[in-house]
Amino acid sequence: MNVVIVGAGIMGITFATLAKEIAPDLNITIIERLSGPAKSNSSVFNNAGTGHEANCELNYTPVDEEEIEIEQALHIHAQFNIAKQFWAYLVKKGIIKDAASFIHPTKHCTLVHSDSIDQLKLRFEEMTRHHFFEHMHYSEDHDEIKSWIPFTMENRPKSEKMAATMIETGTDVNFQALTEGMAEHLAQQDGIDIHYNTHVERVHKSPVGRWLIETNQDGKKERFKADALFVAAGGGAFPLLKLSHQPIRTRFAGFPVGGRFLLAPISEEDANQYSAKTYGKAKVGAPPMSVPHLDLRAANGKHYLLFGPFATFMPILEKGRGFMEYLLSMRLHDIPNFLNVAREHFPLMKYLISETFIGKEKMLKDLENFAPGLSKKFDWQISPAGQRVQIIKDGDLQMGTEIIVSDDKSYGTLLGASPGASVSPEVMLRLIEQLLPSILEEASAQEKLREIFPMHNLKKLEKDAKLYRAIRDDINKALKIS
Ligand SMILES: Cc1cc2nc3c(=O)[nH]c(=O)nc-3n(C[C@H](O)[C@H](O)[C@H](O)COP(=O)(O)OP(=O)(O)OC[C@H]3O[C@@H](n4cnc5c(N)ncnc54)[C@H](O)[C@@H]3O)c2cc1C
């Protein structure tokens, strides 16, 4: 079977790596418009590198009056556990030489002011009842919080009432290094063909039912054929879906949200002092992905602090691509959907447009509110982040990710952007189940699946504390997280 993947970000490369491990005879062609893997959203500073497992993100546990919902947090935590099972397998097999090349233990903290203390306490009490979050700590003590996350507390008066939670075993993940490691391994495999600097202009079905993928490499046009096609092209997936002529195309449109961070290089000593990602509370009217956070990042043996994100309304498909490409990807049938979103989400549009125009001074002021004294301690620069293209489905704006598979199971794509890279192995496993079910039928494939994933049933991880703990401790050891 010939499989073509469009896009060499973490999704496309994870899909290829997992599928090839399960079915070594598979022929896979990967086509990427940039000069290498993980150069768009999966690139190290285009995202925040948080291993999202719901340790610290308040938007995963919505509160209504005194009721808190933790179902989404449980789901994301289980998905991340499955991601770590896959990454631990890669390390144990020597496919990725060293876990420290891409994943680092980094405390995950939530920090709130007095008006949200009750909410945080409720969250802590509800979450620690579950085995997923049994190691979460809570404190309202200034000195204790300072010992966890000094940069956010050391210039704050003791009289300022704050509360925080902390989990030691959170992570910072360099998704670029991880993707590059997998891509390097793939390139050495038989049956894998990778084409960089090659733009996919159009995909469509031939009369005999195979997918035709039309590409352009510096003016040289080529055509590839596929029995199964996975478009893992980030925001670039929208125009390809529109051009594919599938009936489902009319239900989806893209709503782009760009981002910026403040970034500062720091010394190893400072990194040892603040080994954390601290999440706060989103501003009123801000989208969930705009929760402010101050993150320790590690890349290429150096340390950085990242603060943000600051959302921008940037009508482009991907960082580095032009406005006209986004405009030309729209169709007449999208207009009512856009108008509906503009009407129903007017405060969000207003927020995004106002955030687009804030300058460095205002960004540093926000940082000062989050971590007093920090804006002058380091040399902060504005760092443009990646581009999220959220889904507008049937006129509704959605913040999550959606796998779409055609009725004949020959075309798959991934739209949306959250929680994203952190859960990529679990999402790609589900896509393989839908798009390439035949490769899972062999007994050898089932055996391999059990080797890679000791347990990939989300509900089983959620219900079986003993099994979960055994897996968690084993994979954390392999990934040097504990
Ligand atoms: C500001 C920000 C912060 C984030 N923070 C986090 C975080 O902390 N944790 C987390 O887990 N996730 C985070 N994410 C999400 C994460 O970055 C994405 O989920 C992930 O990188 C998506 O991977 P991908 O492979 O789908 O996309 P990409 O990495 O963007 O890869 C898509 C690839 O397709 C290629 N392509 C596109 N069109 C074509 C075409 N026509 N022909 C050929 N190639 C094409 C592109 O060049 C690109 O290389 C964040 C995202 C943003 C924007």
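This passage looks at the surroundings of the ligand, two helices and one threonine in a predicted model.

Residues are numbered from 1 along each chain as its sequence is written, and side-chain values use heavy atoms, with hydrogens and water left out. Because the model is predicted, local features need pLDDT of at least 70 and side-chain atom pairs count only at pLDDT 80 or more, while totals for chains, interfaces and linings use all residues.

The ligand is a good place to start. Around it are 38 residues (each with a heavy atom within 4 Å of it), and those that come nearest are Glu32, Ser42, Thr50, Val200 and Ser422. By class, this shell has 15 nonpolar residues (Ala, Val, Leu, Ile, Met, Phe, Trp, Tyr, Cys and Pro), 5 charged ones (Asp, Glu, Lys and Arg) and 18 polar ones (the others, Gly among them). Helix H1 (10-22), strand E11 (199-205) and strand E19 (381-393) each supply at least two shell residues; helices (H or I, at least four residues) and strands (E, at least two) are DSSP runs numbered from the N terminus. The largest share, 4 residues, comes from E19.

Several polar contacts (pairs of N or O atoms within 3.5 Å) reach the ligand. An N or O atom in the side chain of serine 42 lies 2.5 Å from a ligand oxygen. A polar backbone atom of asparagine 41 is 3.1 Å from an oxygen atom of the ligand, and a backbone N or O atom of arginine 33 is 3.1 Å from a ligand nitrogen. On its own the ligand has 1,000 Å² of accessible area (Shrake-Rupley method, 1.4 Å probe), of which the protein covers 96%.

Attention now turns to the helices. The 22 residues of H2 (residues 71-92) should span 32 Å at 1.5 Å a residue (1.5 Å times one less than the number of residues), which agrees with the 32 Å between its end C-alpha atoms. Since 18 of these 22 residues are buried (under 20% relative accessible area, 1.4 Å probe, protein chains only), H2 is largely enclosed by the rest of the structure. Glycine 94, with a positive phi near 80°, follows H2. Helix H14 (residues 424-435) is also mostly covered, with 10 of its 12 residues buried, among them Ser424, Met428 and Leu435.

Finally, threonine 152 lies in helix H5 (residues 150-153) and counts as buried because its relative accessibility is 0%. A polar atom of its side chain is 2.8 Å from the backbone oxygen of isoleucine 149. Leaving aside residues up to four places away in sequence, threonine 152 touches (heavy atoms within 4.5 Å) several residues, including Leu111, Tyr274 and Phe370.

How values were computed
Polar contact = N/O pair within 3.5 Å; in protein donor to acceptor, adjacent residues only side chain to side chain. Buried < 20%, exposed > 50% of the residue type's maximum accessible area, 1.4 Å probe, protein only.
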